[in-house]
Each structure stands twice: as C-alpha cells, then as structure tokens.
Amino acid sequence: MASQEQSVEQLFGAALDQRPEDRRAFLDRACAGAPEIRRRVEELLLADEEAGSFLEKPFLSSLEDKWDDTTPVDDMNGTRAAASDFKPAPVGRFDPGQVIAERFTVIRFIAHGGMGEVYEVEDRFLQGVHIALKVILPHIAGDAGSSRRFEQEVLLARKVTHPNLCPIYDISRCQEPAPPFVFLTMKLLAGETLASRLKRPLSIPRNECMSIFRQMTAGLGAIHDGGIVHRDIKPNNVMLDYSGSELCVSIMDFGLARLYDSQTTITVGLIAGTPGYIAPELLRGDPPSQATDIFALGVLIQQVLTNRCLSEEVHGLSVKASPALDAADVPSLYIHSVKEFLSEDPKRRCAAFQQIRSAFESGSNIATQPSIDSPRRLTRRNFALGSAIAACAAAGGIAWKWDQIDDLVHPIPHKRFVALLDWPPPDNRVKPMLLSVLDAIATELSRAEAFDRDLLVIAQKTITDITTPAQLNELRESLGANLVLAASGLPSTKELHLSLSVLDSSGTRTLREKQIHVPTDQQTSLPEKAVQAAVELLNISHYQPNGHRLKVGTDNAEAYSTFQDAEVLMKQPNDTGLEAAIEKYKQAIEIDSHYAVAQTRLSWAYIRSYFLHGDEAALMLARENCEAAIAVDPNLVEAHVGLALIYQRTGDLQTADKEFLKALALDPSNPRTLLYRAEFYSASEHWKEAEDAYARLVRSRPNYWLAHNEFGMFLNSQGKYPEALMEFRAASLASPKSSLAYANIAAVYLELGKLSESLANYARSYQLNTNNVAALGIAEINRIQGNYRDSVTHAREAVALRPSSALNWVELGDCCSNIASMQKDATAAYKKAKEVQEEQLRIEPKNGPACLFLALCYAKISDLAGCAVLLKKAETLGINDLDSQLLKVRVVTLLSKLDEAFDTLSRCIQRGATAFQFQTMPDLEPLRIDNRYHRLVASTGPVTDLKI
C-alpha cells in the first residue's frame, strides 16, 4: 500500500494530467467521501496554476507535422527503422521486392550507417512480419578475425532481452547475390531517434524527460547485467516511440558490444566511441567498461534535461556537467545522478547508477527525495505539496482508501482474466525460473477466484515460444484473457532479477509493474515474493496467499535449479521432454535426498509415462515415489492426489477415495484436486458424487472455462442436455476464443436435433481454430441431410487434422458407405479405425468405453466374433455412462441381438436420450423397421425436421 505522501503526490500528478475541464469529475471519483483530501488537492492545483505549470503538454501531433524536411539525416549507427527519420532513397545495394536469403523480401531501403545498410524487410517465414535487416560493411564482414569476434558479440547480445532494448533476432551469412555478405535481423522500431527529437525547437516535456531517464537506466542496467558493455550510448542509438499511450524508449545497436571482462574488441576501421560521449579514462587508454557506458548516459541525459544538443556543450572529446543542469525542472536526485555520472571517478559513476536504478525499480517516489549532498531545491509545486502533506498528517489518520490512488493513476479492468506468460522472450538461462514463478502464481491465485468473481488466472499447459507482440496477443485471446501478467528476468552472478508487468489486451501497453531482486543463493524465496507481488498488481482482495503452500520444498539452490529444469522439460509439447524430465527430477533428488516435492513431481512424470506407454512398472515407480514423498512431508497434497490416481488405475477405488479425502482435508479449495476427484467419481460410475464434485469445482473457479467444459462433458454423458448446454455456454462466455467450447455447444444442439444451431456453432468453432471436432460435426450434419459427397469431404478433413482418432475414421467410413462407388473406401476407413483403436487400447487396457468402441470397429469390418469378445470384456470394465450405452445399441444391433438392442435403447431413453439421436444413428436400420422402435421413440416427443 502506498504511503500517504506518495498517494497525495500521485493524485496531484494524476489531476494535473487531466484536461482542466475534466479535473472536477476526476476529483469527484478520486476523493469521494474525503472532502479534506479534495480541498488539499484543489489548493495544490490552484497554487500550481498561479505559479505556472512546469508540465508541458504531451507531444501529440504527428511526427510528420513536426519534422523539417531540411533536417540532415543522422548517422545510422543504430538499429532503427523509423519512417519519420528517413525518406526512402534507392541508393542501397538491394532494391524493393528483392529477396534476401530466400526469406526476406525488401520493402524499402532506410539508410546507410556506420556499420552498413539498413532495410525494412518482410519475413516470409513468419507470415509477413516486417523487421529491420542490416547488411554489415564488407571490410568488417570480410576480415576473418573481426567477423568471428563480431558474430560472437552479436550472439551474446542476442541473449539479453528487456522492454527497453531493441532485440536482435539473428546473424546470418549469405552467398548470393555476390559478393557474399553478413546481415543482422532485428525488431523494426517505429518513431524517431532521440537525436532527431533534440534537434527540434520544441522542448521535451518534463514528464518525458523523466521517463527517458528511467527507461534508459533500466535498459542499460539490463545490458550490464548480461555482462555486456554497449560502448556507443548516444542519441542516435535511442529510439522514441510515441505510438502507444506512453512514450517507449529503446536502446539500439549492440554491434559494438563486448564482454566487459574480455580483452577482445573490434578495431578494423571503427572508432571505439563518439566524441563528446567518451569517458576520460578512455582518452587515457583504459579499456571500455560499465563506467564508460554510464558516463555516456550522463552526457545523453544532460542533453535531455537541458534540451541542448551536444554541440552546445562539448569542448573536445569529453563533456562535463553543464551549469544549465541545475535549472532543470526535475527531482534533485535526477540532477545529482547526472552530475555523478559525469564524474572523473568511475567508481562514483557506478555507485550513483546503482542508487538511482534501485530507486526506479523499487517504485519509490524520487520526486520527494532530497539530494544526497545538497539542500533540497523547493519549487512552488514542492512547497505546496509539502504543506498539503503536513496538513494531512496533522489531521491525524483520515479514513480514506489510499491504495485506490494506484487504481486511479494506473487503472486495470474490473474483470481481470489474466494470462500468465513469459514475455518478452526470455534468456534460456532464466526461463526455468520464470516458469516456476508463473506456476506458483497460477497454483496459488486460482484459489482466489472463489472470493473474487471477476478474477481468472490462466497458465499455459505447454511451452509456446512467442517472439512478437502479435503472437502474444493471439495466445492471450486463445486463453480467453483480457490482460497479461508478463514475467521477465535477467540473471547475474550475484542476483536474480524478476520483473512482473500487467499488460493491456493488446499486449503492448504496460499498466503496472513490479521489480523483485533476490540473491542467487536465495532463489527459493522467489515464488513467494512473486505471488505477493501478483496479488498487489492484480488488485486481489479478501484473499491472503498461503506462505506454507508456496515453499518450494528445499533450501538447496542447486537442487531447486535442477528441479526447475525438469519442470521446463515436462512442459514441452507432445511429451517430447518427458524422459529427460524424469532424469532431471532424479538428479534433484540426488542433490537433496529430502526433496519431497521433486519426488512427487517424479511420480507424476511416471504416471504420465504409464498413460502414454501402458507400462505397469512406471505405475509402480510412481507409487513408490509418492509414498517416499509423503514419508518426508505428510502434508504434500500433490503426493496424495498422485497416490489416489495410482490406486484408481490399479482398481483399489476405496483407497483412492481415501487419498482424495486426505488431499482435500489438507487443502479444501485446491482446484486440481477437485477436478481429479470429479473425474475419479465419473470413471467409477458414482454419478451423484461426480456431479457434486464438478459443481464444487465451478463454484471455486467460476470463470475458468475448462472447469465449465468438463462439467458440461459430464452432464452430457448423463443425458442432461439442457444443463450441459448451459455449462458449455458458460465456457464460451468465459473464453470467447475457445473453439472447443463452441464445438461442444454444437454437439449438444445436434443431439437435440437443432441442426441450424448446431451447424452455426460448428462453423464458429472452425473459424476460431481449424479443428477436427468441428470438421467431424459438419461431416455428420451433411451425412444426416443426405449431402453425402460433402460429408465425405469434411470427414476426410477431420481425419487429416487428427489421424489418431478412431472416431474420425469410423465417421469417414459411414459417410463413404452411402456412396455406391466408395464401398472400398468405407472398408479401408473402418480397418484403419480398428488399427488406431487397438493402439489406444494397448495404452489404456482397462478403458471400458475404448474397448467398446473397438468392438464397433470389429463389427464394421464384419468380424462379429471378435466384436462379441470385446463387448463382453468392455462390460466387465464399466460402460454404464449414457454415451457408452448409446454406442452399445449400435454394437448389439450389428451383432443382430435385437432384443438386447431394444432393452438398451429403452434404458437410454429413460436416461434422457432423444429420438433424434436414434433416428440419425448409423447401423440401426434393423431397429427402425421394427414396430417396437416406433413405440419407444414416440414417448420422447416429435423428431426434429432434418432439413435446415
């Protein structure tokens, strides 16, 4: 919670940012119920008006309107690509439309630079994304030693990511067209360079000056944390982007960067620095360092604060602090820091840089901090503000919600559906740490959803690498979120740096952010700190995170780091990292033999292996690890849930239920436990208990679309179609971009005989995501309506999208069987369905519904003896849900057991099956010509017209 002093200044500043005619309404909202506070703020506003506001209006006019066409083009040593800086000129090596490396189509030439030519290009491999491409000068690329060192340094810089750094994507060599050349690809930045901005007569507004200082400090700090020295900090290498709601600053050109503890450098034809920005020790022959970067930053920030170009200050190769700096209307700490940055002593520079960087990252109110070695400079605004704070303190504890100030200054939506993602693209060294932090946030804060009906926290199930804002936005939409909680981090030898940012629905605007730093040997404390920060960022109230649950289970940093590596492997798509994850979990346990959490996760990896391969030995190892983990920590919820699943698989349902109850007793609101328990009851045919468990789950996570979807699947399997439809609709509302929810809505409408509604929802599902479920449903509707050729087309598409689904192959066979010339195709499809389903049953040999579906496949290829055997086996495994009973009607009809078919059909109708389902179901013609059929279906009401 912000202090009163911080909140008053925030509120005053926020009011100043409003248009004068809007300030009254703003204060009505901000100071409701606090007339004394409002009076003080209005006094501040009046005093500010009388003194003359120091705040300039933001630069909102288009850059084209402000740009002087006669302004000379600056040196293009940076990696910018700004339309406002350069006019396209056909003087480059490549022409528009030319393709480089069979991938990059040239859009336009931008400019010549100190290191080569820069182009805007379209990346054909990334669906037309526009990026910048820099062709390196031949004398750099042609020298073997320089070229090799240059490539090493670029690859090093490529690993450093930060919102205030222009990312380098790749470095490549190309042989054609001759002569061979080297080029870089990087982000295409919008806006104008700081050098261009400084040349315009309009002064940089005060708030932009401070924003540039803050963002430049953050970006340069990230470079230094990565062990890199930039070596050419200057206004040409800084891009200002005004396209969003806030100014965005990007530091460019890592082409001269190098490891600061390395002696290698690039010397062929290059000057190590720019006159005016060169630190004194460089002139004495000392090597570049972080301190020399900080000196250059001091020169740059002095220009920003004094609104003076370098030519007005430089007298030789280096710069000293300008007298004009003292007149700058910025907090005194800013001025003190710049003076220290320009000190002759490198150590003083570094100390000052770390001090103001820490102040920025902690979010402290620098505007109220006095200078370190000079009296505080009081402007009229500072004086008025100080008087207001004193009056507030004298009034003694005003009943006012100070934490609401942050909502007014940095508002986020009331309905917060939050996707947890690592962004910007992280360094692989910190990716395990970021994923562990996001998992902790997701696991803990999912419980808060029961207390906050406008909250949903969504984590990725598998790793999806995202490299562009467009991909970020697409993933956010697919998760049904309107916000992103982005985690980014930078490693260093001594500390881990974590940044949590709340991004808006576009993924481009930062609404709020927090910085967390922990020593490397204390990284096990990071998840707990991150969860608390997320609670504050997302305005989560009436819920306090549980510190005990957030303990990572070990004090050994090496064991925890190895465990994090295993977790990353477990998230690899299609289980590609499963075996490697198992080995990593084992290593973590070897490092710390009492690491119960790692043993539990190892058991879950073995459970997954069992489901994939059907190896009973994996299940045995899973059980042993769960039991070992519980021996160390009896309160480990996940271990009890794992044991419950293992007992369920081995048929000991009573013991499985006891383990579920133990888990819920330890953590009654654990959504994962509730979901697994509901599925357990459903699989063991305890329908009432299953329905209660699903209902409890959606109450605890009312906005979680997958919970509603699973509940809908269960209700549908019980013939409760209206209730299932309601849950699927809730899922689609919670996640409007979920194709699965719409496909399930369509399936229920189809069961109810409402073909137009069904087709519309299948089409919506297919539009959102080309998926086999929607293609299969559209094929079935066309088959029902007699559009057999179209039905075959869509069924083939379903098979192509998911050839591992036996259901898809059976539907293809059913569609082909209606066309005389395609009987061989139908038989081939049924045989393929049999092969696919046999593989499924090999993995899950005790799956009753899967065994029953294999019986249908055998009947379809006229192997009735095999069908009968499988039917008998399925009945011993449990096939009493309504979906299985509907399938059984088809199987026993194909076996010519009509009496049993009618008995089963009758029970299905009693449980809620519709006449439409039997009217359109394949294989039931022998029943439909029997009088008993008409008497049975008549009791369910009229059959819907099959034509749309």
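**Close-up views of helices H30, H35 and H36**

**View 1. Just past the end of helix H30 sits Gly 786, a glycine with a positive phi**. Its phi is near 85°. As you look around, keep in mind that this is a predicted model.

**View 2. Helix H30 covers residues 772-784 and carries a cap at its N-terminal end**. The cap comes from Asn 771, with a side-chain oxygen 3.3 Å from the backbone nitrogen of Val 773. Measuring along the helix from first C-alpha to last, its 13 residues reach 18 Å, close to the 18 Å expected at 1.5 Å a residue.

**View 3. Helix H30 is mostly covered by its surroundings**. Of its 13 residues, 11 are buried. Among them are Leu 776, Ile 778, Ile 781 and Ile 784, along with Gly 777 and three alanines you can pick out by number: Ala 774, Ala 775 and Ala 779. Asn 772, Asn 782 and Arg 783 are buried too. The cover includes helices H28 (739-751), H29 (755-768), H31 (788-801), H32 (806-816) and H38 (915-920).

**View 4. Helix H35 (residues 864-877) packs with helix H36 (residues 882-894)**. The angle between them is about 145°, and their axes are 10 Å apart. H35 passes H36 in a left-handed crossing.

**View 5. A closer look shows which side chains' residues bring H35 and H36 together**. From H35 come Leu 864, Cys 867, Leu 871 and Glu 875; in H36 they meet Lys 888, Val 891, Val 892 and Leu 894. By class, this contact has 6 nonpolar residues and 2 charged ones, with no polar residues.

Terms used
Residues are numbered from 1 along each chain as its sequence is written. This is a predicted model: local features need pLDDT of at least 70, side-chain atom pairs count only at pLDDT 80 or more; totals for chains, interfaces and linings use all residues. Side-chain values use heavy atoms; hydrogens and water are left out. Axes are lines fitted to C-alpha atoms, for helices over the stretch in contact, and angles run from 0 to 180 degrees between N-to-C directions. Helices (H or I, at least four residues) and strands (E, at least two) are DSSP runs, numbered from the N terminus. A crossing is left-handed if the near helix is turned anticlockwise from the far one by less than a right angle, and right-handed if clockwise. Contact means heavy atoms within 4.5 Å. Ala, Val, Leu, Ile, Met, Phe, Trp, Tyr, Cys and Pro count as nonpolar, Asp, Glu, Lys and Arg as charged, and the others, Gly among them, as polar. The expected span of a helix is 1.5 Å times one less than its number of residues. Buried means under 20% relative accessible area, exposed over 50%, partly exposed in between (1.4 Å probe, protein chains only). A polar contact is a pair of N or O atoms within 3.5 Å; within protein, one must be able to donate a hydrogen and the other to accept it, and residues adjacent in sequence count only if both atoms are side-chain atoms.
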